[in-house]
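Reader: Hey, got a minute to go through this structure with me? I'm new to this, so plain words please.

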Amino acid sequence: MSLYIDQRGHGPVQLVLLHGWAMHGGVLAPLVEALEDQCTMYVVDLPGHGYSRDCGLPLEPRACAAAIAAATPPAIWLGWSLGGTIALTAALEMPRQVRALAMLCATPRFVRDASWPHGSDAQLVHQLASDLETDYRATLDRFLALETMGSADPRAELRHLRELVFARGEPDLRVLQEGIRILETSDRRAALPDLRVHNAWISGRRDRLVPPQAMQWSASQCGGTYTDVQQAGHAPFFGHADAVVQALQPLLATFVR
């Protein structure tokens with residue numbers, strides 16, 4: 001079964017959107033609605049997620065990037081959270097296909113270590129991997145709670161995410177485990193100076209998973225723009241879609257058919 005890609009909008013700018021771990025393209029609806037007059041969007045359900053649940057493609061950045069590129073026209077790619085790892089991989093390795101890159105609460109390395117003070121706690125990620133084996137629904141619920149921590153209205157945002165996460169069926173346990181491994185091991189920091197496309201990095205000031213400092217540092221390594229969305233957590237398109245769209249405007253203006 002092939003990847004599910006929902007085409008939305010009718011604007012002149014071509015835009016590919018990639019969701020985060022355990023989610024699906026439908027969670028990006030507020031951003032899609034805010035951009036539909038400016039962009040023609042290709043909203044992807046990554047392998048094992050949403051309507052791509054039965055797609056046998058591994059959740060591996062290069063494999064995913066190649067499959068998405070084969071199914072979409074040259075475009076700006078926007079990746080949220082884990083989706084940013086795939087978008088960044090595509091931008092580095094397929095610059096003719098990826099005209100520009102938007103990283104939304106996403107960084108080249110997720111976990112913290114001695115060389116990377118801006119990441120998330122490695123033990124947290126390890127625990128998520130362990131818990132998936134015993135009760136993956138409860139594990140997903142804990143991760144959703146982490147995603148909403150720090151937002152202006154965390155309870156309302158958590159309710160919304162809980163409603164959305166299974167709206168297209170349950171994600172495949174296989175790709176959930178693969179996604180955790182990507183979060184644990186992926187590191188593209190050294191490649192950032194090689195990025196040759198226009199790029200924008202957008203953080204949530206209250207994000208507890210991807211610190212804004214990580215986004216700001218990343219933008220500085222590749223000549224990108226950096227925007228910090230005030231009052232937003234890890235999912236700034238909830239309640240702050242207009243601010244995200246505003247931050248994207250310089251990038252959208254670079255698109256030429």
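**Core and salt bridges**

Author: Sure. Of the 89 residues in the largest nonpolar core, the ones touching the most other members are Leu18, Trp21, Leu31, Leu35, Ile68, Trp77 and Trp80. A nonpolar core here is a set of buried Ala, Val, Leu, Ile, Met, Phe, Trp, Tyr and Cys residues joined through side-chain atoms within 4.5 Å. Buried means under 20% relative accessible area, exposed means over 50%, and partly exposed is in between (1.4 Å probe, protein chains only).

Reader: Which helix gives the largest share of this core?

Author: Helix H3 (residues 82-93), with seven residues. Helices (H or I, at least four residues) and strands (E, at least two) are DSSP runs, numbered from the N terminus.

Reader: Anything I should know about the model itself?

Author: This is a predicted model, where local features need pLDDT of at least 70 and side-chain atom pairs count only at pLDDT 80 or more, while totals for chains, interfaces and linings use all residues. Residues are numbered from 1 along each chain as its sequence is written, and side-chain values use heavy atoms, with hydrogens and water left out.

Reader: Back to Trp80, what is it in contact with, leaving aside neighbours within four places in sequence?

Author: Among them are Leu18, Met23, Leu104, Glu147, His234 and Phe237. Contact means heavy atoms within 4.5 Å.

Reader: New topic: how many salt bridges are there?

Author: A search of the whole structure turns up 13. A salt bridge is a side-chain nitrogen of Lys or Arg within 4 Å of a carboxyl oxygen of Asp or Glu.

Reader: Cool, which residue does Asp45 pair with?

Author: Arg168, and the closest N and O atoms are 3.0 Å apart. Asp45 sits in strand E3 (residues 39-45) and Arg168 in the loop between helix H6 (154-165) and helix H7 (173-185), so the pair ties together parts that are 123 residues apart in sequence.

Reader: Is that Asp45 buried or exposed?

Author: Buried, at a relative accessible area of 0%. Arg168 is buried too, at 19%.

Reader: And what does Asp141 meet in a salt bridge?

Author: The side chain of Arg162, at 2.7 Å, N to O. Asp141 is in helix H5 (residues 136-148) and Arg162 in helix H6, 21 residues apart. Asp141 is partly exposed at 29% relative accessibility, and Arg162 is partly exposed at 39%.

Reader: Last one: which residues are linked in a network of salt bridges?

Author: Arg109, Asp113, Asp187 and Arg189. Within that group, Arg189 and Asp187 meet at 2.8 Å, N to O. Arg189 counts as buried at 16%, whereas Asp187 is partly exposed at 33%.
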